[in-house]
Structures are given as C-alpha cells and as structure tokens.
Amino acid sequence: MIAIIGGTIWTGFETIENGLVLVRNGKIDYVGKMVGFDSEYRKIDAAGKFITPGFIDAHSHIGLIPEGLDWEYSDVNDFSGPITPQMRAIDAIDFFDKAFYDAISGGVTTVYTGPGSANVIGGVGLVTKTTGRVLLEEAALKMALGPKGIREYKSKEPYPSTRMGTVALLRNTLHDVKRWIENPQNVDNVKEFQYRYISKVLRKEMMAKIHLSTSPDEIIAVLNIIKEFGLYATIDHVFAGDLLVNEIKQSGVPVVYGPVMFSKLYSAFRYVNDKIPVKLLKAGICTALMTDHPVISQKHLRLLGSVVVRNGLSYDDALKMITINPAKMLRIDDRVGSICVGKDADLVVSNDHPLKPDAKIETVIVDGKIVYSCS
C-alpha cells in the first residue's frame, strides 16, 4: 500500500492542491484533499511535486521493432500479401526490449503496439502495460491507406500501387466479409481464418486503427469507409487534418495525430504541421498524440505534449492527449487514463509539471507497484 502525500494532483478532470492518493491492491483507493490514513501505508512525500496518471501512447510499435537490433528483426510488417488480418502482435512482441524500461522512465505506463503500414490490412495490435501486463490481446485491426506497390515483388499477391487502389481493395474486402457474415460461403481455410478477424471489426467487437499516409484525400476516403461499414475506428497520423477539421468533427471519429516533431523528409510530407493536433482538439475532436515508436523514442511521449503546449494548447488539454483521450479511444478508460477510485494505480510523480521540458520524473507506479524511482 502506498500513500502519495501532498503535491498537486491532476486527476484527468481536475487539479487538487495539497492532495493525497492512496493505493491499495494495485488500485486507487482514495484521491482528494489530505485526510487521515493508516500508518501501514508506504509514504511518498510529494510536497511541491506534480502527480498525474501514467502516460498512454495510442500508436506505437514498441516490442515489435526491438531497439538495438537490425530491421530484419522487425515483426511490424509481413509481406506475404496485402491482406493479413490473421497476424497478431501478441505472437511476436518482445517484452525484453530495453525500450519498455526506457518508456517507464519517461512515465509511459500503457501503449498500443501492433503491425505497421505496409499492408492494406496488416494484423491485430494489442494494448499492454509497459511492465508487460497485457490488457487487450486483440485491441484493434490495423488498416492502412496509401500506395503499397513497392512491396509487390515480395508477395505472390499484387499490392495496390495507387491510393485509389488501396481504398478499392479495402472496400472490396470488407464487402466480401460482410457477405460472408450474412451468408457463410465455402472459402478456403486461409480466407476463412482472415475473415473471422475482419468480421470482428464489422460487428464492432474490435476497433479498426486506420493509418493515413500524407494526402488529405485519404482522410475523406477513410471517413467514407468508416461511415459506409459502421466501423468503430481511429484515424492515425492525419497529416493535413487542419484542412478537414469540419469533416472530421462531423464524423465523430477520434484522431491519433503524429508524431509531432516529425521531419519533412521529402515533398510528400508537406502537410506535416505541429499545430494540427491543437486545431483538432480545440475544434472538439477527441485527439491523442503518438510517438510511432521507434520514429520518436517511446520515452519521449511527454515531450510531444510539450510541443503542442508551445503551439497554443493548455497544459491540461495537452496532458489529456497522452492520458484520458487515448484511454477513451482504446476503450480502456474504465481502467486507466485518470486518477479515480477503483482504477489501476498507474501514477507519475514529477518535480514539476511533466510537460515542462526541464521537469524530472521521479517516481513511476504501475498497478500499485513502484517500477521506477530516480532516488
């Protein structure tokens, strides 16, 4: 049992000065103003410090591209074909990846990690604590727009070479599975296995996580697909989202933006702009930030929050983009993302507001256990 005494608590919904957090059996047992408590609690003096929920990354590839190894060890993309929904991150994730410990030292306690963007339907990602406790083995089915032609030579099945070809293949596949659900047909074993995963998305038993590349037309295309098939989905990256704020808002689809601090490597990335997530959130769109690890190191998620503060967002709203907002999108907000009684005790104690670049994270607690301490 742990008692975090004093300090400023940001719960995800309000700020409590000179507060108290009590942790029992891995859960938040009390949060509020100072009250009396049993002497059996292990005390953490947080006077003058800042307490927040653990940070959450809604789009990462941690554990699938292990740090310190070459790219041939990456399990992010399988090039056996453009439609591979049967690939599961849980079957390949490396929890011995040093990036997990580094993530904890950066206050990141929960991540979504899964397949990448090479395939039109790439496979099933998972949600896990950075300590290795998996919350959802099958959290989302990754889909990805954008041309795929450069991978064609690695597969017996052709990859679409244009953006419209990718959209057409995705739509055709969803229609095929929809017909299969309504009237199960005789299909080969491989397709039946694939269809079972895709059918979970069509039944809203699993969310879709849809990658957009660099073009605003993809935003319109994917919003149309989400509406056409009634999917629960997030749209990820969303460069050029500032050009289509009204359309995204009207759709009600959440956005996982980023990563911010992403370099305009070539002309296709001309729509990258660190002010985009600020505009989306201020418009009332549920928005989260991503590291896209290893594009940005997982441990630096909080620094991406600092970037959006610099671009006009309040500290509270920026914190929401790496705590409660991704928790809501991933449908785990009943467990993590805020400091509330009954939720998992995932907590970060910093010597100052954690989105200030010079702030130092001093203690990280996951499931009620101290997993990092700088003292």
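Start by selecting G107, which sits just after helix 1 and takes a positive phi of about 85 degrees. Keep in mind throughout that you are looking at a predicted model.

**Helix 1**

Step back from G107 and select helix 1, residues 98-105. Which of its residues are buried? Colour A99, F100, D102, A103 and I104 to see them. Now show what surrounds these buried residues: they pack against strand 9 (108-113), strand 17 (361-366) and strand 18 (369-373).

**I332 and its loop**

Next, move to I332, in the loop between helix 9 (324-329) and strand 16 (347-350). Is I332 buried or exposed? Its relative accessible area is 2%, so I332 is buried. Display its partners as sticks: leaving aside residues up to four places away in sequence, I332 touches T110, V127, L135, L136 and A327. One of these, T110, falls within strand 9, the strand you met while looking at helix 1.

**Across to I210**

From I332, draw a distance to I210, C-alpha to C-alpha. The two are 122 residues apart in sequence and 19 Å apart in space. I210 is also a good stepping stone, as it is among the residues touched by I235.

**The nonpolar core**

Select I235 and its contacts. Not counting residues up to four places away in sequence, I235 touches I210, L212, V222, L223, I226, V253, P254, V255 and V256. I235 belongs to the largest nonpolar core, a set of 82 residues in which I235 and M143 touch the most other members. Which helix gives the most to this core? Select helix 4 (residues 216-229), which contributes seven residues. V222, L223 and I226, from the contact list of I235, lie within the span of this helix.

**Zooming out**

Now show the whole protein as a cartoon, and you can pick out nine helices and 18 strands. The radius of gyration is 21 Å, close to the 21 Å that the globule rule gives for 375 residues, so the protein is as compact as a globular protein of that length. Along the principal axes, the C-alpha atoms fill a box of roughly 65 × 40 × 40 Å. Of the 375 residues, 57% count as buried. Among contacts with a separation of 6 or more, 65% join residues 24 or more positions apart.

Finish with the surface turned on. The accessible surface comes to about 15500 Å², and 49% of that belongs to carbon and sulfur atoms. Colour by charge for a last view: there are 43 positive and 43 negative side chains, and the centres of the two sets lie 3 Å apart.

Key
Residues numbered from 1 in each chain as written. Predicted model: local features only at pLDDT ≥ 70, side-chain atom pairs only at ≥ 80, totals over all residues. Heavy atoms only, no water. Helix = DSSP H or I, 4+ residues; strand = E, 2+ residues; numbered from the N terminus. Rg over C-alpha atoms; globule rule 2.2 N^0.38 Å. Buried < 20%, exposed > 50% of the residue type's maximum accessible area, 1.4 Å probe, protein only. Contact = heavy atoms within 4.5 Å. Areas by Shrake-Rupley, 256 points an atom, 1.4 Å probe, with all protein chains shown as cover. Lys, Arg positive; Asp, Glu negative; His and termini not counted. Charge placed at Lys NZ, Arg CZ, Asp CG, Glu CD. Core = buried A, V, L, I, M, F, W, Y, C linked by side-chain atoms within 4.5 Å.
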